[in-house]
Amino acid sequence: MVAYVRRTTLPVLGADIDIVDWDECLTRIGTWAEQRDSRYVCLCNVHSVVTARREPRFASVINAADLAAPDGAPVAWRLRSLGCRGQQRIAGPDLMWRCCELAAERGLSVFLLGGTQDILGRLTARLRDAFPELRIAGSCAPPYRRLAPQEDARIVHAIERSGAHLVFVALGCPNQEIWMAAHRGRLRGVMVGIGAAFDFHAGMIPRAPSWMQAAGLEWLHRLCHEPRRLWRRYLVTNTLFCLFVLSELLGSRRATEDTAEHR
C-alpha cells in the first residue's frame with residue numbers, strides 16, 4: 001500500500017480543495033495507480049462546491065477524497081484569493097488525457113465507466129488512435145437510474161476482473177463522487193471522476209477555445225451548445241457561487257474590523 005499523503009487544502013464553500021499543481025497531481029495518481037491502491041479523485045468545479053455548500057453529505061464526500069483538485073477556473077481563482085498564488089486549474093478532460101498518456105508510458109490499464117455505448121465506442125477509438133500503447137481493460141455504460149445492488153455488484157466484478165489500474169468515472173456530479181466514495185476499498189485502483197470528459201474526447205461536444213477556458217468562460221461555451229439541458233444549472237449554481245463567495249468576503253471583512261476595534 002502507498003503511504004498516506006497528507007492533503008494540503010483550503011476550503012471553498014465548505015469543500016476542502018487541494019493545493020496541488022499538475023506535476024504533483026499526476027505523480028500522486030500515477031503512484032497510486034501503479035500499486036492499484038484504492039483511492040478516489042474528485043475534480044471540483046462551481047457546481048461541485050455549490051452542491052457541497054448546500055448538501056453537507058456531499059461536502060463530506062469531497063472532504064474525504066484522496067485528492068480534490070480545482071477543476072473550474074472560478075474555484076482556482078478562489079484558492080488564489082485565499083493566498084495560494086498561482087494555483088493552477090486541473091480540468092477534468094485535460095487530467096483524463098494526461099492520465100491516459102501516463103498510463104500508456106507506464107503500461108497501466110484503464111477502465112471507462114459512464115456515458116452510452118455509442119460514446120464509449122467513439123471514445124475507445126479516439127484513445128487507441130492517440131495512444132496505441134494504452135491498455136483499455138474494459139468499459140461499461142450503466143443505465144441512467146439508481147442501480148440495483150445486483151447491477152452494481154456486476155459492475156464492480158467487471159472492473160476488478162479487468163485488473164484496471166485507473167477507473168475513469170463519468171456519471172455526472174454528484175453521482176460520480178458519491179459512487180466513488182462508496183466503492184473505495186471495494187475496487188483496487190484509482191477512481192477519477194471526470195464529468196463530461198467522455199463527451200469531449202469522443203467528439204460529442206466541442207471543447208471551448210483555450211481563451212475561454214483561461215477566462216473562466218467554458219461554462220458559457222457549454223451553455224451555448226446545450227442550452228435546454230444546462231441553462232437552469234448554470235443560472236442557479238453560478239449565481240449562488242457568486243453570492244456565497246461575496247458572503248464569505250463580507251464576513252471576513254467584518255471579522256477583521258471587529259478585531260481591529262477590540263485592540
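Helices are runs of at least four residues assigned by DSSP and numbered from the N terminus. With that in hand, a tour of this predicted model can start in helix 6, which covers residues 117-130. Asp118 and Arg122 both belong to this helix and sit 4 residues apart, which is about one turn. Their side chains meet in a salt bridge, with an N to O distance of 3.2 Å. Side chains of opposite charge can pair when their charged atoms come close. How buried or exposed are the two partners? Asp118 has a relative accessibility of 41% and therefore counts as partly exposed. Arg122 is partly exposed too, with a relative accessible area of 43%.

The pair in helix 6 is joined by others elsewhere, for a search of the whole structure finds 20 salt bridges. One of them links the side chains of Asp71 and Arg89, at 3.6 Å from N to O. Where do these two residues lie? Asp71 is found in the loop between strand 4 (67-70) and helix 4 (73-81), while Arg89 is in the loop between helix 4 and helix 5 (92-106), so the salt bridge ties together parts that are 18 residues apart in sequence. Asp71 has a relative accessible area of 11%, and because the cut-off for buried is under 20%, this residue counts as buried.

A further salt bridge brings together the side chains of Glu226 and Arg229, at 3.0 Å from N to O. Glu226 counts as buried, at 17% relative accessibility. Beyond single pairs, salt bridges that share partners join Asp71, Arg89, Asp94, Arg207 and Glu218 into one network. Asp71 and Arg89, introduced above as a pair, are thus among the members of this network.

Charged pairs are one part of the picture, and the packing of helices is another. Helix 2 (residues 46-54) and helix 3 (residues 56-63) pack with their axes 5 Å apart, at an angle of about 125°. This angle makes helix 2 oblique to helix 3. What is the handedness of the crossing of helix 2 and helix 3? The crossing is left-handed.

Finally, the surface deserves a look. Trp231, Leu235 and Val236 make a nonpolar surface patch of about 270 Å². Trp231 lies in helix 12, which spans residues 227-261. With a relative accessibility of 40%, Trp231 counts as partly exposed.

Key:
Residues are numbered from 1 along each chain as its sequence is written. This is a predicted model: local features need pLDDT of at least 70, side-chain atom pairs count only at pLDDT 80 or more; totals for chains, interfaces and linings use all residues. Side-chain values use heavy atoms; hydrogens and water are left out. Patches are made of residues with over 30% relative accessible area and no salt bridge: like charges are joined within 9 Å, nonpolar side chains (Val, Leu, Ile, Met, Phe, Trp, Tyr) within 5 Å. Accessible areas come from the Shrake-Rupley method with a 1.4 Å probe; for residues, only the protein chains shown count as cover. A salt bridge is a side-chain nitrogen of Lys or Arg within 4 Å of a carboxyl oxygen of Asp or Glu. Helices (H or I, at least four residues) and strands (E, at least two) are DSSP runs, numbered from the N terminus. Buried means under 20% relative accessible area, exposed over 50%, partly exposed in between (1.4 Å probe, protein chains only). Axes are lines fitted to C-alpha atoms, for helices over the stretch in contact, and angles run from 0 to 180 degrees between N-to-C directions. Angles under 35 degrees count as roughly parallel, over 145 as roughly antiparallel, 65 to 115 as roughly perpendicular and the rest as oblique. A crossing is left-handed if the near helix is turned anticlockwise from the far one by less than a right angle, and right-handed if clockwise.
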